[in-house]
Structures are given as structure tokens and as C-alpha cells.
Amino acid sequence: MTTTEGLLVPPGHGRVVHTPAQRVTFKVTGTHSRSASTFEVEVPPGFDVGAHLHTRSEELFYVLEGELDVLAFEPRVRTPDNWQKWQSSSGKRVMRATPGTVIVVPPGCPHAFANPTKAPARMFFQASPPPDHERYFEELLEILGNGGPPDHEAIEALRKRYDIEQLTPLKLR
């Protein structure tokens, strides 16, 4: 007889990866899902992930607490800095996401988020297919955990390996 068991992850549980830039709690991994990896992400004040895109991955963000500036469109012009000023051909602009806001990002769509406030923000984040984002977070933590300034060449190689094309720089106040 075959039994099927689901996964139940209580509040406050899950593997935590903590970097100076953000705290990521793994809720559902590729071990438990064929469709998506799921994380709870705490975004500190001043953090800006930088505009980037993925050619294969689809992402979903749901703001739980706090406020984030978010981008999810192809701009008229991709300037190498300040994605917050970008505008799409149809007139879309960066918006302030508050609790309850959902952002869906298809493959190939430039996107970004930043916390411009003085309070932390928290979001639910899904990335499909698994386990690319899981491995990316784990390997990024290894690079950042070596002490000293970040190894930008190693981070760039990591991003390429995991389908992340960085369009504007990541920033942490």
C-alpha cells in the first residue's frame, strides 16, 4: 500500500539562511515539490536587490508585512542604475507594494524590489522550477560568509550559473 504525506511547516520553522542583506527561511524545497521552492524573506531597511531577470524561472512575491518598492516590467530604456525611475512603454512605473500585494514575474521579465523604509519588510516568495533558488541562496551564503568584502567575481559567476542576469547593482545601506 502506498501512502502519500503532505508537508506541514509551522510558523517559525524551516531552514534559515541569514546574510547581511536578508534573512531567508526555506519553507518548501525541491525535495517536497516539483513545481516551486517557497521561502519567507525578511528584507531589511535600505536593501535593494537590483533589477535582474531570469530566462527560465518564474517567480511570485506576496508582501506580508512592511512596504517594498517593486518593478515587474520591461522598461523603455534599461539604464545601468536607479531602476526606481524606469517606465514601461505602456506607462507602468515602479509601485509601492504594501501587505497583500502580489507580484508575478514571468521568465524574461526584469524585476526588482527594495525596502526604502526604516522598518523591515517580510514577503512570501516562490521560485519555479526548484531547486535553483535554494542552491543560489546556499552558495551565496558561503561566498558572503568568508569574511571581508564580498567577492564580486564569485557572485557574478554564481548568478550566471543560476540564471540571474543582474541589470542594476544590488545595494545594502
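Here are a few friendly notes on the aromatic pairs, one surface patch and the strand pairing in this predicted model.

1. Aromatic pairs overall. A good place to begin is with the rings, since the count comes to nine aromatic pairs. Ring pairs link Phe-26, Phe-39, Phe-47, Phe-61, Phe-113, Phe-125, Tyr-136 and Phe-137 into a cluster. A pair of aromatic rings is described by the distance of the centres and the angle of the planes, and the next two points do this for two of the pairs.

2. Phe-47 and Phe-113. The centres of these two rings are 6.1 Å apart and the planes meet at 50°, so the pair is tilted. Phe-47 belongs to strand β4 (residues 47-48) and Phe-113 to strand β10 (residues 111-114), so the contact ties together parts that are 66 residues apart in sequence. Phe-47 counts as buried, at 1% relative accessibility. Phe-113 is buried as well, with a relative accessible area of 8%.

3. Phe-61 and Phe-125. Here the ring centres lie 4.8 Å apart with the planes at 15°, so this pair is stacked. Phe-61 sits in strand β6 (residues 58-65) and Phe-125 in strand β11 (residues 121-128), so the pair ties together parts that are 64 residues apart in sequence. Phe-61 is buried, with 7% relative accessible area, and Phe-125 also counts as buried, at 4%.

4. A charge over a ring. Do have a look at Phe-26, one of the residues in the aromatic cluster. Arg-15 lies over the face of Phe-26, at 5.3 Å from the ring centre.

5. Strand β7 and its partners. Strand β7 (residues 68-72) is mostly covered, with four of its five residues buried. β7 runs antiparallel to strand β8 (residues 95-97), and three bridges join the two. β7 also pairs with β10 in the antiparallel sense, over four bridges. Asp-69 is a handy residue to follow: Asp-69 stands opposite Arg-96 in β8 and opposite Ala-114 in β10. Strand β10 is also where Phe-113 of the tilted pair is found.

6. A nonpolar surface patch. Turning to the outside, Tyr-62, Val-102, Val-104 and Phe-124 form a nonpolar patch on the surface. Together these four residues have about 320 Å² of accessible area. Val-104 is found in strand β9 (residues 102-105). With a relative accessible area of 48%, Val-104 is partly exposed, because the exposed class starts over 50%.

Terms used
Residues numbered from 1 in each chain as written. Predicted model: local features only at pLDDT ≥ 70, side-chain atom pairs only at ≥ 80, totals over all residues. Heavy atoms only, no water. Patch = residues over 30% accessible without salt bridge, like charges linked within 9 Å, V, L, I, M, F, W, Y side chains within 5 Å. Areas by Shrake-Rupley, 256 points an atom, 1.4 Å probe, with all protein chains shown as cover. Salt bridge = Lys/Arg side-chain N within 4 Å of Asp/Glu carboxyl O. Buried < 20%, exposed > 50% of the residue type's maximum accessible area, 1.4 Å probe, protein only. Phe/Tyr/Trp six-rings, centres within 6.5 Å; stacked < 30°, edge-to-face > 60°. Lys NZ or Arg CZ within 6 Å of the ring centre and 35° of its normal. Pairing = 2+ DSSP bridges.
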